[in-house]
Amino acid sequence: MTINVSDADGRHRSPFRAFARRALALGGAGLVSVTGVVALSGSAQAAGTTLGAAAAGSGRYFGTAVAANHLGESGYATTLDTEFNAVTPENEMKWDAVEGTRNTFNFSNADSIVSHAQSKNMKVRGHTLVWHSQLPGWVSGLAATDLRTAMNNHITQVMTHYKGKIYAWDVVNEAFQDGSSGARRSSPFQDKLGDGFIEEAFKTARSVDPAAKLCYNDYNTDGVNAKSTAVYTMVKDFKARGVPIDCVGFQSHFNSNSPVPSDYQANLQRFADLGVDVQITELDIEGSGTAQATNYGNVVKACLAVTRCTGITVWGIPDKYSWRASGTPLLFDDNYGKKAAYTAVLTALGGTSGGGTTDPGTGGGGTDPGTGTKTCTATYTATQTWQGGFNGQVTVKAGSAAITAWSVKVTLGAGQTTTGVWNGTTAWDSTGKVMTVTPSYNGSLAAGASTSFGFTVQANGNTAAPTVSVCTAS
Ligand code: XIL
């Protein structure tokens, strides 16, 4: 083992001794076991070079719809695990998938997605509880009283099964009509229970899993129009009357007939101003090349410009598995190659491609070979693990220009806390989960030179690597 860990006082010590000191600082001699020390040096992951890591740089998630039957395909699983930090089951949680027969629940396909996501420390969006589509015939056939019972039972059973595992639920999906009427869409729920079915569903949902965010989700509501204004009016009324609602999802399925609206950001903002989070929940944009890339970049920029836009989910990974495959609307081609749209999204999120070479001046072949542009990269390595925790190390490397300061964001996983940080100074955000680390003495780096900082994490059952996101240099 050749890695040296240096302390804030600048002395170097062997990782075993540093580990033992850190572990003792956890206060439990029982945790210290030399035989329990494992050095993980091969798990370095360049920071800010994936969609999820780049989004985490601003406290957001970047997710994708996932189909359980593709999880066994290695390109699919690798791309999912590398690029995304949130998932939405594409069909597996819909009513017909989980309760095709009344009161007989089948969660196996949805469970496989949720357990995969949990093992990778990804958020899960639950989709969807009450929707007119992919609804079994037995539900449509019920009379009002029975339908109400069935709706509340469905919400209760599904949310109970996933209680504590879901970041946000699409409680009600697509309850409004397209066009200028602003009316509710005809459906078994609307037609038999009236407008009140929506708030009843939200109230039931809140009582079952109070920790999950409860969203209303729809399409053609992405810009300011009659349909989105009808949803806006409903959400405003819910907030005024204390009906539980935490978020609004904007599906954002775009093509030439339904382009990205010019007032997309303004529309997200007006909903956020009602006191709810907004999320882009099913993003796909038909097209190719630069035009598609520009549209994708604009959608991401709109979300980032709205403080309460908490995350973006694209509706699939490679084009071949899209529900609109002929429109090639996704970020990866059929061989999991990154499309121009991918690069536009990563760039808009503040990330950088190229796995460690982030200096925009290199490789460009222009007259300025990169001098003057101050950049850095941050690379995470788990250096020691033990029962209950681990030490992480982040190597900060200057690009092709010398720098005098750097700043790196580290986002802890659910349940994790740190008990010490060395060779860096920390500032924590209000959630207590995101630390911005700046140099303690080691800010000045020559071009191409590196330094590192380290920290001890108490895992509290979650041994996933913290997310290290974009390095900024000055
Ligand atoms: C789509 C799925 O992608 C398809 O596989 C399925 O056949 C139909 O549903 N709005 C929604 C999503 O809320 O659930 C839909 O997903 C796309 C439109």
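Here is a chat about the ligand, the spaces and two odd backbone spots in this predicted model.

Me: What should I know about the ground rules before we start?
Reply: This is a predicted model, so local features need pLDDT of at least 70 and side-chain atom pairs count only at pLDDT 80 or more, while totals for chains, interfaces and linings use all residues. Residues are numbered from 1 along each chain as its sequence is written, and side-chain values use heavy atoms, with hydrogens and water left out.

Me: Which residues come nearest to the ligand, and what makes a residue "near"?
Reply: A residue is near if one of its heavy atoms lies within 4 Å of the molecule. There are 13 residues around the ligand, and Glu90, Lys94, His127, Glu282 and Trp315 come nearest.

Me: Why is the pair between Lys94 and the ligand called a polar contact?
Reply: A polar contact is a pair of N or O atoms within 3.5 Å (inside the protein, one must be able to donate a hydrogen and the other to accept it, and residues adjacent in sequence count only if both atoms are side-chain atoms). A polar side-chain atom of Lys94 lies 2.7 Å from an oxygen atom of the ligand, so the pair fits. His127 has a polar side-chain atom 2.6 Å from a ligand oxygen, and for Glu282 the distance is 2.7 Å. The protein covers 79% of the 420 Å² of accessible area that the ligand has on its own (areas come from the Shrake-Rupley method with a 1.4 Å probe, and for residues only the protein chains shown count as cover).

Me: How do you know which pocket the ligand sits in?
Reply: A molecule sits in a pocket or cavity if more than half of its atoms lie within 2 Å of its grid points. The ligand passes that test for the second largest pocket. That pocket has a volume of about 300 Å³, the volume being the space filled by probe spheres set on grid points, which are joined across faces, edges and corners.

Me: What makes a space a cavity and not a pocket?
Reply: On a 1 Å grid over the protein atoms alone, a cavity is a set of points where a 1.4 Å probe fits but cannot get out; a pocket is an open set with protein on both sides within 12 Å along at least five of seven lines, and lining residues have an atom within 4 Å of a point. The structure holds two cavities of 30 Å³ or more. The largest has about 50 Å³ of space, and its lining includes Glu174 and Arg185. The second largest has about 30 Å³, with Lys94 and Thr128 among its lining residues.

Me: What makes the bond between His127 and Thr128 stand out?
Reply: Most peptide bonds are trans. The one joining His127 and Thr128 is cis, with omega about -5 degrees. Thr128 is in strand 6 (strands are DSSP E runs of at least two residues, helices H or I runs of at least four, numbered from the N terminus).

Me: And what is unusual about the phi of Glu174?
Reply: Most residues other than glycine have a negative phi. Glu174 is not a glycine, yet its phi is positive, about 55 degrees. Glu174 is found in the loop between strand 7 (168-173) and helix 8 (188-193).
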